[in-house]
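The following exercises are to be worked through with the sequence and the model at hand. Each task is followed by a solution in steps.

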Amino acid sequence: MGSVQIVTTILAAAITAVAVWLAVRAVLKMVAVIRLGQPAPERFTDKVARARTMLVETAGHTRMLKWGVVGAAHWFVMVGFVVLSLLVLEAYFEVVTADGGLPIIGHWTIFGLVTEIIGVLGLVGILVLMAIRLRNRPTRPGGRSRFTGSTMWQGYFVEWIVLLVLIFGFVIRGFKVATDHFEFPFWATPVSHAVGAVLPDWADGVSVAAAIKIIISMTWLIVISLNVTMGVAWHRFLAFPNIFFKREPTKPAGSGLGALRPMTSQGKPLDFEEADPEKDQFGVAHVEQFSWKGLLDFSTCTECGRCQSQCPAWNTGKPLSPKLLILSLRDHAYAKAPYLLAGGGKDLTGEEKATQAQLAHLDVLALAEADKPLIGTAEEGGVIDPDVLWSCTTCGACVEQCPVDIEHVDHIVDMRRYQVLIESSFPSEAGVMLRNLENKGNPWGAPQNTREDWTKGLDFEVPRVGEVDDFEYLFWVGCAGAFEDRAKKTTRAVATLLNEAGVKFAILGEGETCSGDPARRIGNEFVFQMLAQQNVETLNEAFDGREKAKRKIVATCPHCFNTLGNEYGQLGGEFEVVHHTQLLAHLVATGKLTPVQPVDGGVTYHDPCYLGRHNRVFAAPREVLGDAIAGDLTEMPRNSERSFCCGAGGARMWMEEKIGKRINVDRVEEAMATGAKTVAVGCPFCSTMLNDGVNGKGAGEQVEVIDVASVLLRSVKPEQPQGGKETAPVGG
Ligand code: SF4
Ligand code: SF4
C-alpha cells in the first residue's frame, strides 16, 4: 500500500464512521417520532398481500409510470441506486489498492456488464430528472409549478450527488482501464473503456477517484442524517414500509380511496353509544394523535408535488395544497417531537402530562412548537389554516397520484372530526345541512313524506319494499334523487329504463334517509353513525333471509354508492351495491335495453370522483354513452383517474366557495372547450355544480348537462317526454 492509498483509506474510513454514526442516530430519531403516533393494528393484516403490493409498486414503479417519462427515468435511478450501491461498496476495496474489487461477484463479467448498463441508464435517468426539475422550477417565468413550496436545494443536492456518484463510477473504471487493472472485456463495458482511453496512466488514479466517490456518498449520508425531514432523500428507504403498511394492500391502484377509515381511539373503532370525549380521542387535535402510519406518511413525502398538481383546490387558487399540508404536519411533528419525547403532551381533558422537571431542559423552540394549535390561522400560530382544512373536496386526486401511497384524505377528515365534534368549528353555512340531517334525515330539510314525489306521473307503478318481496334490486334513490329537481329526472329515467328492461326492483320510499356521506366527509361521525345505523337496520330488514350476493342495491348517487357499498360494512351492513351506469351497461350489453336513436351534437363525460377514482368505475358510463350517442365520446383532457372534481365532494356542496376561482367553472370551461353540446354526468352533485357553471357562463342554451341515464333514455325511448328545461334545485 503506497502513501496515497494510506491517505485515501484513512479518509474513507473516517468519513464513513462519522456518516454511519449520524445515520444510526437519525434512524433512531425517526423511529422514535413515528412511534409517538397512535396504534394502528389493522396495518399488520394480510402480510403476504402487503409484501406483494410493495414489490409490485416499487420494483414495477406502477404509480410512477403513470407519469411516463418521469416514471421511466426514476425507475432507472432507483435501480441504479440499489445496484450501484455495490459499486460504492467496491470503492472501499479500491481505495486500498488499484486492482481491488468486490470479492467473488466483482470479478464476474456479468457483474461488469450489468453495472455498466445500469450506470449508463442511471446517468440518462438522472439527467432527465434534473432537466424536469429545472424546467418545472417554481421560479420559472409564468405559471405554478408542482414544485412550488418544495425544498428545492434538497432536490438539487440529491440529484447532483447521484450524478457525481455515477460519473465517478466510470472514472474509477476508466483509471483501471488506463492503468491496465481492468478485467472486463470491451464488449461488456464499452463506456468504461472509452473513459479509460482519455484518462492518463496514473497509478494512484483508481484509489483517489474511489476516495472521492466515497466522500461524495458519505456527504450525502451525513447531510440527510442531519436533516431527518429531507423526504426527497429518505423516501428511498421509507417508501418501502409506507407502501407495505398502506390501508388497502389488496387494491392495486387508488388504494387509499373508497371507504373512509372509521374514527378510532387507541387504534379501536369508536362506537358513539359508548364513546366518551374525556376518555376517547375524537378525531385529531394534536399531531401525535395521528396514527404511527400517519407520522410515517409525513416522513415519507418526497415533495414531488404530483398531488399538488392534480388538486382542484390548489388549481383554483385556494390555500390548500395536499403536499404543503403534509409538509406542514411533518415539520410540526419533528419540531414538537423533543417535547413529546420528554414526556410532554396534553391529555384528553387538555391537562399537561409532563412535570416541570421533565420539561425544564427543553429547547424553547420545541416548547413553542408544542403550543401551536394544529388548526388555526396565521395570527393564532396554527399549523394548518382552517381555510386549508375546509377547502378539500375529498376528491382523492392526491391519494391517486402519490407515488408513495400517502393517505391525505384520511388525515384531513381526522382533523375535521375534532373540529366538528369537539370544537363545533366549521364553516357556518354547513350547519344548516347538519341540522337538517339530524332533524329531517336529508340535507335539504325536505319533508320525509315527499320522498316518493318523483314517482308521480310515471306511466307505471314503482313498487315499494314490503309491497313486493321478489325484487332483484333495491333502488336506493338518495336524497338528491328524491328531492332535487334535476336529480329527480335522473331517478325517473333510471326507473323507466329498469321498468323497460323488465328488472324487478323496489324502493324504500319513506323508509330511506340520507346515507350519511356529507356528515362523514365534513367530520361529523356522530351524525353519520346515527343515519348509517338506521339505514343498515332498514336494509337488513328489507333483505332479511338473503345471502350477500342477493342483497343487491342500485344507486344513482356515487356518494350513496360508495357509502353503502364500502362503509356500511363497518356497521354490519353487507350489500352488493352497483351504480346505475353499471347496471344500465349490463342491460344494454345483454340486449334488455336497445338504443335506437343515437344522441348527436357531441358528448363529453365528466367522471364523478366517488364513482371513478374512489371506486374505479370508469368503463361502464362510457360503455352506456358509446351505445347511446352518435360518433365517439369526446374526452376532456382531465379524465378517468385524472378527472377534475366538480367542487361538491367532501360536503363542499354545502359550503360557500369564497376563495379563488370556482372549481365548477374551471371544469365547465374544460368541458365546453371540447365543443360537445352535451356534458354527461353520473352524479347528482356533479350535475348541480356543472349546470350552475354552464348557466353562470351564460351557455345554458348551447350546452346541456344531463345524467348518463337520461342520455340513454333518449336513445332507447326517443318518443318519451324528457321533462323540458332543468329547474332550480331544492334549497338552491
Ligand atoms: S382530496 Fe382533492 S381537494 Fe382534497 S387535498 Fe386531495 S386533491 Fe386536493
Ligand atoms: S404527498 Fe405524495 S404526491 Fe404529494 S408531494 Fe408528497 S410524495 Fe409527492
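Helices are DSSP runs of H or I with at least four residues, numbered from the N terminus. The model is predicted.

**Exercise 1.** Determine where arginine 173 is placed, whether arginine 173 is buried or exposed, and which side chain it joins through a polar contact.

*Solution.*
Step 1. Arginine 173 belongs to helix α5, which comprises residues 152–178.
Step 2. Buried means a relative accessible area under 20%. The value for arginine 173 is 6%, so this residue is buried.
Step 3. Leaving aside residues up to four places away in sequence, arginine 173 touches Leu87, Phe111, Gly112, Thr115, Glu116, Phe182, Phe184, Thr189 and Ser192.
Step 4. The side chain of arginine 173 forms a polar contact of 2.6 Å with the side chain of threonine 115.

**Exercise 2.** Explain why helix α9 is described as largely enclosed, and identify elements that cover its buried residues.

*Solution.*
Step 1. In helix α9 (residues 292–300), the buried residues are Trp292, Lys293, Gly294, Leu295, Leu296, Asp297, Phe298, Ser299 and Thr300.
Step 2. Because nine of the nine residues are buried, α9 is largely enclosed by the rest of the structure.
Step 3. The cover over these buried residues includes α1 (3–34), α8 (231–244), α12 (322–341) and α17 (408–421).

**Exercise 3.** Establish the strand order of the open sheet of four strands, and find the strands at its edges.

*Solution.*
Step 1. The order is β4-β3-β5-β6, and the pairing is parallel.
Step 2. β4 (505–507) and β6 (576–579) each have a single partner strand, so they stand at the edges, and one side of each lacks a neighbour in the sheet.
Step 3. From one strand to the next, the twist averages 30 degrees.
Step 4. Strand β3 (residues 473–476) and β4 run parallel and are joined by three bridges. Leucine 474 has alanine 506 in β4 as its bridge partner.
Step 5. Helix α23 (residues 558–567) packs on the sheet and touches β3, β5 (552–555) and β6. The direction of α23 makes about 165 degrees with that of β6.

**Exercise 4.** Describe the surroundings of ligand 1 and ligand 2 by residue and by class.

*Solution.*
Step 1. Residues around ligand 1 include Cys311, Pro312, Leu320, Pro322, Cys392, Cys395 and Cys398.
Step 2. The shell of ligand 1 divides into nine nonpolar, three polar and no charged residues.
Step 3. Ligand 2 is surrounded by 13 residues, of which the closest are Cys301, Cys304, Gly305, Cys307 and Cys402.
Step 4. The shell of ligand 2 holds seven nonpolar, three polar and three charged residues.

Terms used:
Residues numbered from 1 in each chain as written. Chains lettered and ligands numbered in written order. Predicted model: local features only at pLDDT ≥ 70, side-chain atom pairs only at ≥ 80, totals over all residues. Heavy atoms only, no water. Buried < 20%, exposed > 50% of the residue type's maximum accessible area, 1.4 Å probe, protein only. Helix = DSSP H or I, 4+ residues; strand = E, 2+ residues; numbered from the N terminus. Contact = heavy atoms within 4.5 Å. Near = heavy atom within 4 Å. Nonpolar A, V, L, I, M, F, W, Y, C, P; charged D, E, K, R; others polar. Polar contact = N/O pair within 3.5 Å; in protein donor to acceptor, adjacent residues only side chain to side chain. Pairing = 2+ DSSP bridges. Axes fitted to C-alpha atoms, helices over the stretch in contact; angles between N-to-C directions.
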